[in-house]
Amino acid sequence: MAAAAAAAALTPATPLRFKPYSTLRFLSFYSKNPITPRLFPPLPRRPVHFQSTFHRKRCFCSVISAALQSGEVKKTEFREKKVDEMGNKVGEFRKKVKIADIKGGPDEGLNRVGQTLVVMGWVRTFRAQSSVTFLEVNDGSSLSNMQCVMNSDAEGYDQVESGLVSTGASIWVQGTLVASQGSKQKVELKVEKVVLVGKSDPSYPIQKKRVSREFLRTKAHLRPRTNTFGAVARVRNALAYSTHKFFQENGFVWISSPIITASDCEGAGEQFCVTTLIPSSREAADSPVNAIPNTKDGLIDWSQDFFGKPAFLTVSGQLNAETYATALTDVYTFGPTFRAENSNTSRHLAEFWMIEPELAFADLNDDMACATAYLQYVVRHVLDNCKEDMEFFNTWIEKGVIDRLNDVAEKDFVQLTYTDAIELLLKANKNFEFPVKWGCDLQSEHERYITEKAFNGCPVIVRDYPKEIKAFYMRENDDGRTVGAMDMLVPRVGELIGGSQREERLDYLENRLDELKLSKESYWWYLDLRRYGSVPHAGFGLGFERLVQFATGVENIRDVIPFPRTPGSAEF
């Protein structure tokens with residue numbers, strides 16, 4: 001070990017070398033010839049001088065190692081390098097030119113006709129004719145593929161002819177962009193050279209034929225290569241980007257709320273426990289029950305757990321966000337949350353993302369205004385920046401989704417009290433599955449009726465809910481029966497946003513904790529916010545996956561998150 005370490009220390013520093021094709025990210029191999037760019041050159045044959053140098057270095061290292069072991073090497077035989085002689089400059093990072101860049105303009109690529117371009121991606125379809133072969137290549141940057149047309153004169157055609165280039169394979173293609181003779185696209189790539197980067201096994205499960213989304217959930221690692229899930233991923237990305245953009249432009253500070261917590265924000269008890277009491281020295285499935293430490297009373301001895309008390313995965317970052325709102329005024333969180341609700345429905349996930357802003361010096365009216373402005377902002381961003389994907393959803397997923405989103409972006413939102421909403425439902429000429437009465441929690445069928453039927457597709461905010469069906473932290477109204485809570489209802493989804501004015505009065509909050517038999521000791525720090533400079537404040541929570549559903553029209557929530565976590569399923 002000592003000899004090896006010494007050998008490594010004394011070996012002259014050499015620049016890192018990557019074999020061509022070992023990585024597509026490092027562009028230092030790209031030719032800088034401005035006339036004929038060769039961004040991904042073929043593997044060169046090693047010249048004699050390169051081979052000999054390479055072997056000399058290997059022998060040199062071997063000699064050093066052997067000599068150190070025998071004690072024959074003297075320090076004077078090696079000149080110590082100065083720091084400024086070591087290492088090489090890191091190459092410049094360059095953004096790849098992708099299919100979306102080529103075809104995404106108003107003329108769909110016609111302005112680039114005649115240019116020599118390189119496309120790197122995965123083969124979607126392969127069609128060979130007598131004198132020409134068509135490859136549809138997609139790099140994930142857009143719904144559109146790049147049609148690559150090649151004949152037997154193209155360099156690397158033998159890889160196509162032999163069947164190595166097939167559906168699912170990754171390839172590097174260089175050619176000249178020309179106007180397309182077909183009607184499905186304006187431009188196509190006349191291939192001069194093709195390189196197989198990674199071949200695809202014949203068992204590749206995603207072929208040209210349509211497959212069900214249920215099947216694709218079992219192939220979640222490959223489903224982003226389909227049109228639907230690629231489009232969902234891009235719209236999801238646009239919604240996340242515009243979320244940060246909206247809050248940053250309006251002076252909010254992003255806060256990283258903890259994933260592990262000892263508090264139950266909702267008070268529902270549907271939390272995943274985080275513990276190290278189960279032995280981790282062997283497979284967890286083989287851990288005996290009697291290995292968990294107990295107290296004398298036969299209860300679990302939480303004092304021996306990692307945190308010294310029960311800990312859980314968070315269901316919300318709200319309480320933590322409130323602490324920073326009372327210092328920074330306006331903040332928001334955007335991160336994963338968890339709920340151990342055993343619901344196997346198209347609307348529920350065990351792991352999901354939440355957007356939770358908190359506004360200090362604000363009441364429920366400010367909260368509703370912020371929620372409205374936020375939703376209209378992100379919807380408009382998607383409509384303006386994801387036109388191709390939205391047209392796809394409008395054609396294949398939900399006809400009319402673009403019109404529905406335009407209504408949200410342009411119409412005024414309506415607000416009404418919970419009491420008025422109940423009266424409206426009772427007067428409806430409709431038999432609901434869940435009976436309606438004052439004090440009941442509105443179900444999805446009630447919410448959708450209000451927004452889709454009663455108000456003709458206009459988003460509706462229902463406010464001032466009964467105190468008994470809402471969380472402990474919501475501010476009690478003067479009537480003593482309701483709290484300053486609000487839910488935003490939108491067509492097709494129902495409740496999309498839930499928020500409230502928080503209870504800023506210490507005595508009211510302590511009384512509410514006592515009523516619900518929640519430990520004030522667990523919330524000591526939350527109560528402190530009411531002791532030291534309390535201010536009226538409000539906020540809301542938005543399930544990000546529900547937002548993606550709303551924007552895309554995709555019905556099952558498991559299809560709008562990369563790797564869904566649901567009861568009995570934690571694959572990938």
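Me: Is Phe306 buried or exposed?

Reply: This is a predicted model, and the term used here depends on relative accessible area: a residue is called exposed over 50% and buried under 20%. Phe306 has a relative accessible area of 62%, so this residue is exposed. Phe306 is found in the loop between strand E8 (273-274) and strand E9 (311-313).

Me: Which residues form a nonpolar patch on the surface with Phe306?

Reply: The patch is made up of Ile259, Ile260, Phe306 and Phe307, which together have about 400 Å² of accessible area.

Me: How should aromatic pairs be read, and how many are there?

Reply: Two rings pair if their centres lie within 6.5 Å, and the angle between their planes then gives the class: under 30 degrees is stacked, over 60 is edge-to-face. By this rule the structure has 19 aromatic pairs. One of them joins Phe247 and Tyr332: the ring centres are 4.7 Å apart and the planes stand at 20°, so this pair is stacked.

Me: Where in the chain do Phe247 and Tyr332 lie?

Reply: Phe247 belongs to helix H6 (residues 227-249) and Tyr332 to strand E10 (residues 330-338). The two are 85 residues apart, so the pair links distant parts of the chain. Phe247 is buried, at 0% relative accessibility, and Tyr332 is likewise buried at 0%.

Me: What class of pair do Phe334 and Phe544 form?

Reply: Their ring centres lie 5.1 Å apart with the planes at 65°, so the pair is edge-to-face. This contact also links distant parts of the chain: Phe334 is in strand E10 and Phe544 in helix H15 (residues 544-552), 210 residues apart. Both Phe334 and Phe544 are buried.

Me: Which residues form one aromatic cluster with Phe247 and Tyr332?

Reply: Besides Phe247 and Tyr332, the cluster contains Phe246, Phe252, Tyr374, Tyr377 and Phe540.

Me: Why is helix H15 described as largely enclosed by the rest of the structure?

Reply: The reading rests on counting buried residues along the helix. Nine of the nine residues of H15 are buried, so the helix is largely enclosed by the rest of the structure. Among them are Phe544, Leu547, Val548 and Phe550, and also Glu545 and Arg546. Just after H15, Gly553 takes a positive phi of about 85°.

Me: Which residue other than glycine has a positive phi near 55°, and where does it lie?

Reply: That residue is Phe361, in the loop between strand E11 (351-360) and helix H8 (364-385). Phe361 is exposed, with a relative accessible area of 62%. Asp464, also not a glycine, has a positive phi near 60°. Asp464 is found in strand E13 (residues 460-466) and is buried, with a relative accessible area of 16%.

Me: What lies over the face of Tyr465, and what over the face of Tyr508?

Reply: Here one looks for a charged group placed above a ring. Lys470 lies over the face of Tyr465, at 4.3 Å from the ring centre. Arg505 lies over the face of Tyr508, at 3.7 Å from the ring centre.

Me: How many disulfides does the whole structure hold?

Reply: A disulfide is a covalent bond between the sulfur atoms of two cysteines. A search of the whole structure finds zero disulfides. As for individual cysteines, Cys370 is buried at 9% relative accessibility, and Cys458 is buried with a relative accessible area of 7%.

Note on methods
Residues are numbered from 1 along each chain as its sequence is written. This is a predicted model: local features need pLDDT of at least 70, side-chain atom pairs count only at pLDDT 80 or more; totals for chains, interfaces and linings use all residues. Side-chain values use heavy atoms; hydrogens and water are left out. A disulfide is a pair of cysteine sulfur atoms within 2.5 Å. Buried means under 20% relative accessible area, exposed over 50%, partly exposed in between (1.4 Å probe, protein chains only). Rings of Phe, Tyr and Trp (its six-membered ring) pair if their centres lie within 6.5 Å; planes under 30 degrees apart count as stacked, over 60 as edge-to-face and the rest as tilted. Helices (H or I, at least four residues) and strands (E, at least two) are DSSP runs, numbered from the N terminus. A charge sits over a ring if NZ of Lys or CZ of Arg is within 6 Å of the ring centre and within 35 degrees of the ring normal. Patches are made of residues with over 30% relative accessible area and no salt bridge: like charges are joined within 9 Å, nonpolar side chains (Val, Leu, Ile, Met, Phe, Trp, Tyr) within 5 Å. Accessible areas come from the Shrake-Rupley method with a 1.4 Å probe; for residues, only the protein chains shown count as cover. A salt bridge is a side-chain nitrogen of Lys or Arg within 4 Å of a carboxyl oxygen of Asp or Glu.
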